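I have opened my notebook for a friendly look around one protein. Come along and keep the picture beside you as you read.

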Amino acid sequence: MMLTEKLEQLKALFVEMEQAMIAYSGGVDSTLVAKIAYDVLGDRALAVTAVSPSLLPEELEDASIQAATIGISHQIIKTHEMENPNYTSNPVNRCYFCKSELHDTLKPLAIKLGYPYVVDGVNADDLHDYRPGIQAAKERGARSPLAEVGITKAEVRQISKELGLPWWDKPAQPCLSSRFPYGEEITVAKLQRVGRAEIYLRKLGYQNLRVRSEGETARIELPPEQIKEFVLKIDLPSVVSAFQEFGFLYVTLDLEGYRSGKLNQVLNRETLGVKA
């Protein structure tokens, strides 16, 4: 199917909905959904961003700026997944409990405000990855317009670029809890030190990165092509000193480089409940 056809189908979905609340993180996927929803529905579309310790303050600021640029009404709510031990114990299905909390908060709000649909930014590629949060959203009646019409991550960026959205190439930024290996307890202090470390590296000019936290060790992941430049250009002792001020004892550089979902490689088929 041509991309223009998919875009028209996406618009048609919102025409049918008549009103929609968007679970809006400020990422490129949910921002495209918010853009199209607003173009079709105007003030009958509402973007809602959930705030918790797992969201960087800079990400919230970006979300607010992008919503204002689009023109869509934007509301901020608080979620409390950090109060749920099923989440903070960081099991392999941690995202299920995160999205359960999100949609258990959004759904009553949508009903109260008169929105018959809550939609998210899940795209077609997400359906082929290990995303337990998708199940939680579906159980609570949320819809995923991008996935419904078969729009992939690359197509999200292409459409966003063609629409002139300046954030079309914005790096993916999942919640900070994704920086920890499964089974390691997540705390607010740990989230904060990871967040501060990533902000520090971004200020040095590196945008597409992760700081993985394992115990007292920070592992920096950069795109493979940037690793040599980082080692030669950056004052490494200063980085170590800064990270230690944030609360880490040790700082390492991942020589394989950044790869989305890297921590999922420890999961085997039995863990995921997949039959051979």
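**A pocket and who lines it**

I started with the second largest pocket, and I found L56, E58, E59, D62, K170, P171, Q173, I199, R202 and Q207 along its lining. I should say at once that this is a predicted model.

I next looked up how much space this pocket holds. The second largest pocket has about 200 Å³.

Which kinds of residue make up the lining of the second largest pocket? I sorted them into 5 charged, 3 nonpolar and 2 polar residues.

Then I checked which helices take part. Helix 3, residues 57-70, and helix 9, residues 188-203, each give at least two residues to the lining of the second largest pocket. Helix 3 has the largest share, with 3 residues.

**Salt bridges**

I ran a search over the whole structure for salt bridges, and 20 turned up. I picked a few to look at one by one.

My first pick was E155 with K6, where the closest N and O atoms are 3.0 Å apart. This pair ties together distant parts of the chain: E155 sits in helix 8 (residues 153-162), K6 sits in helix 1 (residues 3-17), and 149 residues separate them. I also looked up their surroundings, and both E155 and K6 are buried.

I stayed with helix 1 for my next pick. The side chains of E8 and K11 form a salt bridge there, at 3.7 Å from N to O. Both residues belong to helix 1 and are 3 residues apart, which is about one turn of the helix.

Are E8 and K11 buried or exposed? I found that E8 has 47% relative accessibility, so E8 counts as partly exposed. K11 is partly exposed too, because its relative accessible area is 29%. The band for this label lies between the cut-offs of under 20% for buried and over 50% for exposed.

Next I turned to R179, which forms a salt bridge with E198, with the closest N and O atoms 2.7 Å apart. Here again distant parts of the chain are linked: R179 is in the loop between helix 8 and helix 9, E198 is in helix 9, and the two are 19 residues apart.

Why does R179 count as buried? Its relative accessibility is 0%, so the label fits. E198 is buried as well, because its relative accessibility is also 0%.

I then noted a group in place of a pair. R212, E214, R219, E221 and D254 are joined into one network by salt bridges that share partners.

**A nonpolar patch on the surface**

I went on to the surface and asked which residues make a nonpolar patch of about 270 Å². My list has V231, L232 and L236.

I took a further look at L236. Its place is in helix 11, which covers residues 236-246. L236 counts as partly exposed because its relative accessible area is 33%.

**One last leucine**

My final stop was L127, in the loop between strand 4 (118-119) and helix 6 (132-139). L127 has a relative accessible area of 44%, so I wrote it down as partly exposed.

How far apart in space are L127 and A147? I noted 7.6 Å from C-alpha to C-alpha, while in sequence the two are 20 residues apart.

Key. Residues are numbered from 1 along each chain as its sequence is written. This is a predicted model: local features need pLDDT of at least 70, side-chain atom pairs count only at pLDDT 80 or more; totals for chains, interfaces and linings use all residues. Side-chain values use heavy atoms; hydrogens and water are left out. Patches are made of residues with over 30% relative accessible area and no salt bridge: like charges are joined within 9 Å, nonpolar side chains (Val, Leu, Ile, Met, Phe, Trp, Tyr) within 5 Å. Accessible areas come from the Shrake-Rupley method with a 1.4 Å probe; for residues, only the protein chains shown count as cover. A salt bridge is a side-chain nitrogen of Lys or Arg within 4 Å of a carboxyl oxygen of Asp or Glu. Helices (H or I, at least four residues) and strands (E, at least two) are DSSP runs, numbered from the N terminus. Buried means under 20% relative accessible area, exposed over 50%, partly exposed in between (1.4 Å probe, protein chains only). On a 1 Å grid over the protein atoms alone, a cavity is a set of points where a 1.4 Å probe fits but cannot get out, and a pocket is an open set with protein on both sides within 12 Å along at least five of seven lines; lining residues have an atom within 4 Å of a point. Grid points are joined across faces, edges and corners, and a volume is the space filled by probe spheres set on the points. Ala, Val, Leu, Ile, Met, Phe, Trp, Tyr, Cys and Pro count as nonpolar, Asp, Glu, Lys and Arg as charged, and the others, Gly among them, as polar.
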